[in-house]
Amino acid sequence: METDLRRTWTEINLDHLLYNYHALRERIGKTVKFLGVVKADAYGHGAVQVAKTLQDAGADYLAVSSLDEARELRNHDIIMPILILGHTPPEQVGELIRMNITQAVSAEAKAEEYSAEAVKCQGTLNIHIKVDTGMSRLGFLCDGAHFEGGVARIAHSCALPGLHAEGIFTHFAVSDEPGEEENAYTKEQFALFCHVIDALKEQGCTFPIRHCANSGAVAYHPEMWLDMVRPGILLYGLSQMADVLGLKPVMSLKTNVSTIKTYEAGTTISYGRLFKTEERTRVGVLPIGYADGFFRSLSNIYQVMTEDGKAPILGRICMDMCMVDLTSCPNVAVGSEVEIFGMKNSANVMAQMAQTIPYEITCAVSKRVPRVYYRNGKILERKLWIDD
Ligand SMILES: *Cc1c(COP(=O)(O)O)cnc(C)c1O
């Protein structure tokens with residue numbers, strides 16, 4: 001533990017996760033179910049600990065993107081319902097049924113393959129129908145000329161033997177952007193989704209769980225919460241929406257100063273000689289680089305947070321290291337803690353500077369960076385993906 005903590009690590013604050021969960025729960029009210037999106041290792045936070053926390057807190061559902069991700073959770077005592085949002089090969093339907101995992105179904109051909117497999121296994125596969133209302137990714141096409149046919153294909157899929165259609169859902173393309181045009185597009189997607197559900201109802205095909213609200217719709221469109229909401233990034237306390245809702249970032253990426261040297265004016269620093277000192281400069285080396293998930297595009301522009309305030313990155317970020325200007329940080333010494341992003345240095349800002357979104361920032365933290373889980377201010381677990 002101690003040796004890891006002297007290099008680079010993330011702190012995953014489960015108290016903040018719980019705070020965000022309860023704040024969102026309060027927002028949606030008692031009648032709406034809560035699905036926590038924990039795909040991609042819970043956006044880099046570690047799916048097992050996040051899922052355990054949500055399970056203990058009383059969340060209703062989890063979502064992952066693949067069977068491998070679902071299996072990891074089932075192998076770690078997660079017994080609550082899990083929905084796989086992405087594709088699962090039909091050969092694995094037996095495993096889905098055995099592990100009681102719900103599968104998204106995005107086309108009639110898939111429904112038929114899943115049905116045949118489920119019948120072969122003499123089991124029932126729980127499914128959620130995915131409708132494409134304008135994301136143009138997965139789902140039954142139902143817009144315009146596709147409406148009648150799309151509805152018929154969904155109805156046929158739901159009636160197949162071996163399948164139990166528990167839910168129906170769609171996904172929004174721009175619900176997280178509050179502009180007028182984006183708003184109108186989201187409303188159109190929602191209207192189409194409701195239209196499809198109504199047409200299916202007329203054919204006697206109903207669904208206990210209708211859901212469409214990702215974080216954007218949880219933040220901006222209460223009328224779209226339906227039976228269940230499906231937030232991801234809000235749970236992790238990131239994005240502008242999270243700031244507006246007063247949520248707390250769950251992940252901090254931290255490192256330590258490993259070396260400090262003072263250079264004369266005119267010294268170039270790091271690969272490419274991008275930065276040249278203009279005066280005597282006190283330079284710290286941080287043991288974190290792009291292989292840890294610290295984007296190289298932040299070279300020469302980002303500022304890390306020290307106990308004496310911000311310290312600019314000097315020159316290129318290397319694979320395993322980067323350099324910072326500590327000239328105006330006199331109290332920072334070898335061994336001092338530095339925050340790359342977290343409570344003091346928002347990952348939202350870091351994302352903007354790297355011309356990306358905070359999702360990519362936390363997902364990019366690589367497997368050699370230990371995740372240290374905090375609960376009630378104390379270390380609960382330390383997870384290292386590289387074998388000790
Ligand atoms: C990733 C994902 C979500 C969560 O999105 P956020 O923007 O993080 O809230 C919800 N639904 C589906 C289908 C997704 O793929």
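Q: How many Å separate a nitrogen atom of the ligand from an N or O atom in the side chain of H171?
A: The model is predicted. Polar contacts are pairs of N or O atoms within 3.5 Å. The pair formed by a nitrogen atom of the ligand and a side-chain N or O atom of H171 has a distance of 3.4 Å.

Q: Which residue has a side-chain N or O atom 2.6 Å from an oxygen atom of the ligand and also precedes Y43 in the list of residues that come nearest?
A: Among the 13 residues around the ligand, those that come nearest are K39, Y43, S215, I233 and Y359. An oxygen atom of the ligand lies 2.6 Å from a side-chain N or O atom of one of them, K39.

Q: What is the distance from a polar side-chain atom of Y359 to an oxygen atom of the ligand?
A: Y359 is one of the residues that come nearest to the ligand. Its polar side-chain atom is separated from a ligand oxygen by 2.6 Å.

Q: What percentage of the area that the ligand exposes when taken alone does the protein bury?
A: Taken alone, the ligand exposes 390 Å². Of that area, the protein buries 92%.

Q: How many residues of the shell around the ligand are charged?
A: The shell holds 13 residues. By class, six are nonpolar and four are polar. The charged ones number three.

Q: What is the volume of the space taken by the ligand?
A: The ligand takes the space of the largest pocket. The volume of that pocket is about 940 Å³.

Q: Which residues lie nearest the centre of the largest pocket?
A: The lining of this pocket is made of 36 residues. Elements giving two or more residues to it are α3 (39-43), α10 (215-220), α11 (240-244), α12 (347-353) and α13 (358-363). By class the lining has 18 nonpolar, 12 polar and six charged residues. Nearest the centre lie D176, N214, I233, I357 and Y359.

Q: How much space lies in the largest cavity?
A: A search of the whole structure for cavities of 30 Å³ or more finds one. The space in the largest cavity is about 50 Å³.

Q: Which elements each supply at least two residues of the lining of the largest cavity?
A: The lining consists of L85, G86, H87, Q103, A104, S106, K110, Y114 and L138. By class, it has four nonpolar residues, four polar and one charged. The elements that each supply at least two of the lining residues are β5 (102-105) and α7 (108-120).

Definitions and conventions:
Residues numbered from 1 in each chain as written. Predicted model: local features only at pLDDT ≥ 70, side-chain atom pairs only at ≥ 80, totals over all residues. Heavy atoms only, no water. 1 Å grid on protein atoms, 1.4 Å probe; cavity = no way out; pocket = protein on both sides within 12 Å on 5 of 7 lines; lining within 4 Å. Points joined across faces, edges and corners; volume = space filled by probe spheres on them. Helix = DSSP H or I, 4+ residues; strand = E, 2+ residues; numbered from the N terminus. Nonpolar A, V, L, I, M, F, W, Y, C, P; charged D, E, K, R; others polar. Near = heavy atom within 4 Å. Polar contact = N/O pair within 3.5 Å; in protein donor to acceptor, adjacent residues only side chain to side chain. Areas by Shrake-Rupley, 256 points an atom, 1.4 Å probe, with all protein chains shown as cover. Sits in = over half its atoms within 2 Å of the grid points.
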